[in-house]
Amino acid sequence: MKHKFKIGVGVDIDGAAEYDCPYNQVADSFDFMEIPATFGAIPFQSDAVWEAQKKLMLAAGKPILCTNDYIRDFGMTLCGPGHDREQHKYWCQKLFPRLHEIGVKYVGVFGSYFPDVPGYDRNKAYDQAISSCNLMADYAEQYGMEIALEPCDRKDNLWNLYLDGLKFAKETGRRSIKVMADLNYFVSLNQKLEDVMVAPEYLIGVHIQGNNAPGMPSWAGQPNVGNRMPVIRRFFEILKEIDYDKTVTCACAWSSTKGGPVDFKYEGDKTMGILNEMLDEIYSK
């Protein structure tokens, strides 16, 4: 039995980090790319700048199925004292059509964009968060996309645990508002991987990583670096159990396993070979 989900790689668009895979150095063996929405679709840039950016990304020759970093580095939030609905509406008006042009299906929204700010009325923040999700859903559904809310381990969010993010997604009442599971946050918050089995129809994105890459933070490294593979194997077994058929992204800071600068095509092919070998074994049972 062949696994149904696709395996891709999270890429770097703005070139800010030497350990993030550049979009033009993606290994051939990956099924797709996941781009940062902020620096990929560049909503605050002109259409002319966007057309040039789009041409470069599509030239990489890989489908762009999903995004992350919905509003990073622009001081925007989706609730709380810093939230500006009109600013967010403009963002949606520019972002979603551009993502549609390059074939995106799943739009990742990081949990820290829903802050629970001390001293700010939590009920008001919650209402703003629901309103923001409704605005995103209006555009997502217009273009046949879905929103993947990403619970994370940052402090002072409206929700951090996967099951709390799932509960929130259900409370929006929108068919396009779903959740994603990032392995790093399952590990850091000691969550059960089996939590994704609670409502498998809501899971529309998965991030996997390795850990303990030499000279990098403990959470950094591609899946085959460090001691994370047994956890990834169990995660894949669960994905098989729930008949998961969406995306799995290697969302990681890459390191060199052969010395010298990171050869992203080499490391990507090596990682995909190991993952596919594991999946062939899991799905053959």
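Here are some numbered notes to read alongside the predicted model above.

1. Let's start with helix 5, which covers residues 162-172. Which of its residues are buried? They are Tyr162, Gly165, Leu166, Phe168, Ala169 and Thr172. If you look down the axis of helix 5, these buried residues fall within an arc of 165°, so they line one face of the helix. Try turning the model until you are looking along that axis, and find the face for yourself.

2. What do the buried residues of helix 5 pack against? Their partners are two helices, helix 4 (122-142) and helix 6 (183-188), together with strand 5 (146-150), strand 6 (177-182) and strand 7 (203-208). After helix 5 comes Gly173, which has a positive phi, near 75°.

3. Two other residues are worth a look for their backbone angles. Most residues other than glycine have a negative phi. Asp156, however, has a positive phi, near 60°, and is not a glycine. Asp156 sits in the loop between strand 5 and helix 5, and with 48% relative accessibility it counts as partly exposed.

4. The second of these residues is Asn212, where phi is again positive, about 60°, in a residue that is not a glycine. Where does Asn212 lie? Look in the loop between strand 7 and helix 7 (229-241). Asn212 is partly exposed, at 45% relative accessibility.

5. Now for the cysteines. A disulfide is a covalent bond between the sulfur atoms of two cysteines. How many disulfides does the structure hold? The count is 0. Take Cys21, which is in no disulfide: its nearest cysteine sulfur belongs to Cys252 and is 8.5 Å away. A pair has to come within 2.5 Å to count, so this one does not qualify. Cys21 is also buried, with a relative accessible area of 2%.

6. Why is Cys92 not bonded to Cys133? The closest cysteine sulfur to that of Cys92 is the one in Cys133, but the two are 10 Å apart, which is too far for a bond. Cys92 is buried, at 0% relative accessibility.

7. Cys79 lies in the loop between strand 3 and helix 3 (85-101). Is Cys79 buried or exposed? At 1% relative accessibility, Cys79 is buried. Setting aside neighbours within four places in sequence, Cys79 is in contact with Tyr113, Phe114, Pro115, Ala125, Gln128, Ala129 and Leu158. For a sense of distance, Cys79 and Ile274 are 195 residues apart in sequence, and their C-alpha atoms are 41 Å apart in space.

8. Next, the empty spaces. Rolling a probe the size of a water molecule over the atoms shows where empty space is left. The structure holds 1 cavity of 30 Å³ or more, and the largest cavity contains about 80 Å³ of space. It is lined by 16 residues, and those closest to its centre are Glu34, Thr67, Ala148, Met180 and His207.

9. Which elements give two or more residues to the lining of the largest cavity? They are strand 3 (64-68), strand 4 (106-110), strand 5, strand 7 and strand 8 (247-250). Strand 7 gives the most, with 4 residues. By class, this lining has 7 nonpolar, 7 polar and 2 charged residues.

10. The largest pocket holds about 830 Å³ of space. It has 31 lining residues, and Asp20, Asp69, Tyr185, Trp219 and Ala251 lie nearest its centre. Helix 6 provides the largest share of this lining, 3 residues. How does the lining of the largest pocket divide by class? There are 15 nonpolar, 7 polar and 9 charged residues.

11. Let's finish with Asp20, one of the residues nearest the centre of the largest pocket. Asp20 is in the loop between strand 1 (6-10) and strand 2 (32-36), and is partly exposed, with a relative accessible area of 24%. Apart from neighbours within four places in sequence, Asp20 is in contact with Asp12, Cys252, Ala253 and Phe264. Gly259 is 239 residues from Asp20 along the chain, and 17 Å separates their C-alpha atoms.

Conventions
Residues numbered from 1 in each chain as written. Predicted model: local features only at pLDDT ≥ 70, side-chain atom pairs only at ≥ 80, totals over all residues. Heavy atoms only, no water. Buried < 20%, exposed > 50% of the residue type's maximum accessible area, 1.4 Å probe, protein only. Arc of directions from axis to C-beta. Contact = heavy atoms within 4.5 Å. 1 Å grid on protein atoms, 1.4 Å probe; cavity = no way out; pocket = protein on both sides within 12 Å on 5 of 7 lines; lining within 4 Å. Points joined across faces, edges and corners; volume = space filled by probe spheres on them. Nonpolar A, V, L, I, M, F, W, Y, C, P; charged D, E, K, R; others polar.
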